[in-house]
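Work through the exercises below with the sequence and the model at hand. Try each task before reading its solution.

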Amino acid sequence: MKKRIRAISVILVLFVFCGVLSGCNSNKKEKQEPIVLSDLGIIYDTEFGGAYIDLTIDEFNAYGFDYGDSVSISFTNGYKLEDIPYYNGYYTRTGETLLVAYPGYPHIKVGINNGNDLWIVADLEESDKAEIKLVEKGAYLNIQQARNLSYKDERSAFPSDAAFANFRSVQVKTMKENVVYRSASPCDNQHKRAPYVDKLMGEAGVQFIVNLSDNEQKIEGYIAKDDFNSPNFLALYNAGKVIPLALSMNYGESAVEPTLQSATFGQNVVSGLRAMTENDGPYLIHCTEGKDRTGSVCMLIEALCGASYDEIVADYMMTYYNYYEITKERDREKYDIIVTDVLDPMISSVVGDESVDFEAANLAVYAENYVKTWGMTDDEIAALKAKLLKQ
């Protein structure tokens, strides 16, 4: 980790009421010049891509930045980003740039949401410096308020172990019952859910795990921690029944015009699906929270199995009910924004054509084309369907 920034130049000029200084009309509004932070160190996020700015979230916000503000960022190599949002979550659409203060991140970060690696796009090096300028207060506040969601990490705040663990069967009309499960992580206990997932997957008889979030080194790290208490996961891991994919969410915008990141994403997903054909279920698919990476892969599986758009939406949004109690009936605006801005771009990345009506389309055709693009054969697709579909 790079040492702290060598220098932070802050230009913060406040014009006081002229009446205080010269007896002028005291009704004139206070003006504030833009905040500018210069000579900021940057650090490559090798796991998910993009650039950490060498300021913690609290440090950055203390300079006067608020979630929903508009900022511009320039780097000493000449690369610039104009008028991008500052959020505390990944609230932009696929392929759009943002400055993000994601809870748990060691620093604020600039990146492209679910798209290309900004570090590579901008041709950055860790010797480069960044400058961040406040453009407009609250320019994106409406999106920040609609998408700003948080959940508790205490079991007592949830109605059941399953809701707390975000554990459930992936069930559409054409699929066998209780053959694919999805959940939060059974091994990474940062959100205190791992033992609950482990217990539930043991009760469900899970025989094979597709771990979307970790590599073997990270898993070994979880196992070595004092709070590790997932014996069912450990037994499967020791038996070679866990495939760690360390999947990012850089699925790109389309398999029709793939980027390096979307190709890596697609190839990794196919390796997970292929492993499912080589092992017996029931299967568990998980990432950290069981939300977006898990949602993307489960969406693909559901589409392969002939699920309708409405079935895919219902399954994906169950996570938002488990974590945030969001339903279509209770909070239609938030519900629709999440579907439109989060789930629909995932489906679009598989379909590859923005003009397609998801509700009317045969999504199975597009899903098959997608997995074939990334190396899955007709025989492998047939083998996967044989394990998942009702006879």
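The exercises that follow concern a predicted model.

**Exercise 1. The chain as a whole**

Task: State how many helices and strands the chain has, and what share of its residues is buried.

Solution.
- Step 1: Count the secondary structure. The chain has 14 helices and 15 strands.
- Step 2: Turn to burial. The chain has 391 residues, and 52% of them are buried.
- Step 3: Look at the surface. The accessible area is about 17900 Å². Carbon and sulfur atoms contribute 48% of that area.
- Step 4: Look at contacts with a sequence separation of 6 or more. Of these, 70% join residues 24 or more positions apart.

**Exercise 2. A buried salt bridge**

Task: Find the acidic partner of Lys109, and say which parts of the chain the pair ties together.

Solution.
- Step 1: Identify the partner. The side chain of Lys109 forms a salt bridge with that of Asp45, at 2.7 Å from N to O.
- Step 2: Apply the cut-off. A salt bridge needs the nitrogen within 4 Å of the carboxyl oxygen, and the pair has 2.7 Å.
- Step 3: Place both residues. Lys109 sits in strand S9 (residues 108–112), and Asp45 sits in the loop between strand S4 (36–44) and strand S5 (51–53), so the bridge ties together parts 64 residues apart in sequence.
- Step 4: Check burial. Lys109 and Asp45 are both buried.
- Step 5: Set the pair in context. The structure has 18 salt bridges.

**Exercise 3. A bridge to a helix**

Task: Which residue meets Arg93 in a salt bridge, and is Arg93 buried or partly exposed?

Solution.
- Step 1: Name the pair. The side chains of Arg93 and Asp341 meet at 3.0 Å, N to O.
- Step 2: Locate the pair. Arg93 is in the loop between strand S7 (80–87) and strand S8 (97–100), while Asp341 is in helix H12 (residues 332–351), so this bridge ties together parts 248 residues apart in sequence.
- Step 3: Classify Arg93. Its relative accessibility is 42%, so Arg93 counts as partly exposed.
- Step 4: Classify Asp341. Its relative accessible area is 12%, so Asp341 is buried.

**Exercise 4. A salt-bridge network**

Task: Which residues are linked in a network with Asp214?

Solution.
- Step 1: Take one pair. Lys218 and Asp214 meet through their side chains at 3.7 Å, N to O.
- Step 2: Extend the pair. Glu47, Asp214 and Lys218 are linked in a salt-bridge network.
- Step 3: Check exposure. Asp214 has 0% relative accessibility and is buried. Lys218 has 28% and is partly exposed.

**Exercise 5. Reading a sheet**

Task: Name the edge strands of the open sheet of 5 strands.

Solution.
- Step 1: Write the order. It is S11-S12-S15-S13-S14, with mixed pairing.
- Step 2: Read off the edges. Strand S11 (168–169) and strand S14 (242–244) each pair on one side only.
- Step 3: Examine one pairing. Strand S13 (residues 208–211) pairs with S14 in the parallel sense, over 3 bridges.
- Step 4: Find a facing pair. Ile209 stands opposite Val242 in S14.

**Exercise 6. Two cysteines**

Task: How many disulfides are there, and how far is the sulfur of Cys298 from that of Cys287?

Solution.
- Step 1: Recall the cut-off. A disulfide needs two cysteine sulfur atoms within 2.5 Å.
- Step 2: Count. There are 0 disulfides by this rule.
- Step 3: Check Cys287. The nearest cysteine sulfur is that of Cys298, 9.0 Å away, and Cys287 is in no disulfide.
- Step 4: Check burial. Cys287 is buried at 3% relative accessible area, and Cys298 is buried at 1%.

**Exercise 7. Two loop residues**

Task: Where do Thr92 and Ala122 lie, and which residues do they touch?

Solution.
- Step 1: Place Thr92. This residue is in the loop between S7 and S8. Thr92 is buried, at 6% relative accessibility.
- Step 2: Find its polar contact. The Thr92 side chain reaches the backbone oxygen of Glu96 at 3.4 Å.
- Step 3: List contacts, leaving aside neighbours within four places in sequence. Thr92 touches Pro85, Tyr87, Thr97, Leu98 and Asn113.
- Step 4: Place Ala122. This residue is in the loop between helix H3 (118–121) and strand S10 (129–136). Ala122 is buried, at 4% relative accessible area.
- Step 5: List its contacts, not counting residues up to four places away in sequence. Ala122 touches Asn77 and Tyr79.
- Step 6: Compare sequence with space. Ala122 and Lys80 are 42 residues apart in sequence, and their C-alpha atoms are 8.5 Å apart.

How values were computed
Residues are numbered from 1 along each chain as its sequence is written. This is a predicted model: local features need pLDDT of at least 70, side-chain atom pairs count only at pLDDT 80 or more; totals for chains, interfaces and linings use all residues. Side-chain values use heavy atoms; hydrogens and water are left out. Helices (H or I, at least four residues) and strands (E, at least two) are DSSP runs, numbered from the N terminus. Buried means under 20% relative accessible area, exposed over 50%, partly exposed in between (1.4 Å probe, protein chains only). Two strands pair if DSSP finds at least two bridges between them. A polar contact is a pair of N or O atoms within 3.5 Å; within protein, one must be able to donate a hydrogen and the other to accept it, and residues adjacent in sequence count only if both atoms are side-chain atoms. Contact means heavy atoms within 4.5 Å. Accessible areas come from the Shrake-Rupley method with a 1.4 Å probe; for residues, only the protein chains shown count as cover.
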